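Hello,

Here is the model I said I would pass on, so you can open it next to this note. Below it I have written up what I found, one region at a time.

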Amino acid sequence: MKLAADRVMAALRAPSRWRAWEYAAWVLIWAAPFVLPQHAALINEISILALFALSLDLILGYAGIVSLGHAAFFGVGAYGAALFAKHVMPDPLVGLVVGTVLGALLGALTSPMIVRGTDLTRLMVTMGVALVLLELANKFDNITGGTDGLQGVVIGPLLGRFDFDLGARVASFYSMAVLFAVFVAMRQVVHSPLGMSIQALRDNRLRLAAMGHAVNARLMVVYTVSAAFAGAAGALLAQTTGFASLDVFEFHRSADVMLALVIGAAGWLWGGLIGAVAFKVMHDLLSEITPQYWTFWIGLFLVVLMLVGRDRLFHPARWFKRKS
């Protein structure tokens, strides 16, 4: 009996264990700014997008909550960190906490609207929240800078010693460190009893409710956590660029992170990271080759991905094999 129980516990703990390839992958990630110092700015952008994708994956891939307005939390975090640095204190770590907390507060306030209704309702509500915040940021231009953006944002040295340089090397390490911390935290969340119940809720909401679990409360908690991580991503963008504009609330922010998650696969923590790398590299390369039509080629890639399937597309040996 005890042997059977031990086997069950081992099977439950197996997904939460780090694999050797994960350690190797993170070593390569941390080595990237050293190996490719000329692309530090791109590495910084990828890290921020990956963090943003992880936050969306928490509600989309694990909880099954669809959203087309995740930029709302991203933008609140960006403006919160920028305004804090400009008017209160320039310390980047404190500003990061401010952006994260503001994202969480907005997530907590809007979560009651998200846990009710159908997927279509959630799509419209999430997109509506982002559009309302975009208009408010434009309206109160004396605070946000309006269409000109919030200028004059000066970020202090990281840990009081490392100044943000024009080459973005410090910024890349800073964003990667935050990304790693959030990645580790999310591993704990998704493999915890709360995370397991969230995935069970995604698969069968009625069954979980019949077992006596508070379905709406769990959805509100995970939505708030996701919003906090999105706010942290927005804060990183504002701090590493020294600028915040209405662009952080635009629809393309929500669309880009959704595309990154589609490319990398939702419901898998590494999917957000892989998707962010693929999307940003394709965007960077294609926009240099065809500045006006890069979206066409990304769209074509997504069509092929959907038609062929991720497993077959990234395994050339399977291209000419028929599906069984």
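**R169 and the start of helix α8**

R169 is partly exposed, with a relative accessible area of 36%. Please keep in mind throughout that this is a predicted model. R169 sits in helix α8, which covers residues 169-190. Leaving out residues up to four places away in sequence, R169 touches P33, F34 and A40. There is also a long-range pairing to look at here: R169 and L36 are 133 residues apart along the chain, yet their C-alpha atoms are separated by 10.0 Å.

Another residue of helix α8 is A181. A181 has a relative accessible area of 45%, so it counts as partly exposed. Its C-alpha atom is separated by 10.0 Å from that of L51, and these two residues are 130 residues apart along the chain.

**The overall picture**

Stepping back, the protein has 15 helices and 0 strands. It has 324 residues, and 44% of them count as buried. If you take the contacts with a separation of 6 or more, 75% come from residues 24 or more positions apart.

In soluble globular proteins, nonpolar side chains tend to be buried together. In this model, the largest nonpolar core holds 83 residues, and the members that touch the most other members are L51, Y79, F249 and L273. Helix α3 gives the most to this core, with 14 residues.

F249 is a good one to display with its surroundings. Not counting residues up to four places away in sequence, F249 touches A71, A72, G75, V76, Y79, A130, L133, L134 and A137.

**Two residues of helix α3**

Which residues does S55 contact, once its neighbours within four places in sequence are left aside? They are H70, S226, F229 and A230. S55 is found in helix α3, residues 40-62. Its relative accessible area is 0%, so S55 is buried. The side chains of S55 and H70 make a polar contact at 3.2 Å.

L42 is also placed in helix α3. With a relative accessible area of 18%, L42 is buried, because the cut-off for that class is under 20%. Leaving aside its neighbours within four places in sequence, L42 is in contact with K280 and D284. For another long-range pair, try L42 and S172: they are 130 residues apart along the chain, and 8.4 Å separates their C-alpha atoms.

**Helices α5 and α11**

Two packed helices are described by the angle between their axes and the distance between the axes. For helix α5 (residues 92-114) and helix α11 (residues 215-241), the axes come within 6 Å and cross at roughly 145°. The crossing of α5 and α11 is right-handed. Sorted by class, their contact has 13 nonpolar and 10 polar residues, and no charged residues.

**T144 and K86**

Is T144 buried or exposed? T144 has 8% relative accessibility, so it counts as buried. T144 is found in helix α7, residues 141-144. A polar atom of the T144 side chain lies 2.4 Å from the backbone oxygen of A137. Apart from neighbours within four places in sequence, T144 is in contact with Y79, A137, G149 and L150.

K86 is found in helix α4, which runs over residues 71-87. With a relative accessible area of 37%, K86 is partly exposed. The K86 side chain reaches the backbone oxygen of Q151 at 3.0 Å. Not counting residues up to four places away in sequence, K86 touches L150, Q151 and G152. So L150 turns up in the contacts of T144 and in those of K86.

K86 also has a long-range partner to check: K86 and G242 are 156 residues apart in sequence, and 9.8 Å apart in space from C-alpha to C-alpha.

Happy browsing, and best wishes!

Conventions: Residues numbered from 1 in each chain as written. Predicted model: local features only at pLDDT ≥ 70, side-chain atom pairs only at ≥ 80, totals over all residues. Heavy atoms only, no water. Axes fitted to C-alpha atoms, helices over the stretch in contact; angles between N-to-C directions. Helix = DSSP H or I, 4+ residues; strand = E, 2+ residues; numbered from the N terminus. Left-handed = near helix turned anticlockwise from the far one by under 90°. Nonpolar A, V, L, I, M, F, W, Y, C, P; charged D, E, K, R; others polar. Buried < 20%, exposed > 50% of the residue type's maximum accessible area, 1.4 Å probe, protein only. Polar contact = N/O pair within 3.5 Å; in protein donor to acceptor, adjacent residues only side chain to side chain. Contact = heavy atoms within 4.5 Å. Core = buried A, V, L, I, M, F, W, Y, C linked by side-chain atoms within 4.5 Å.
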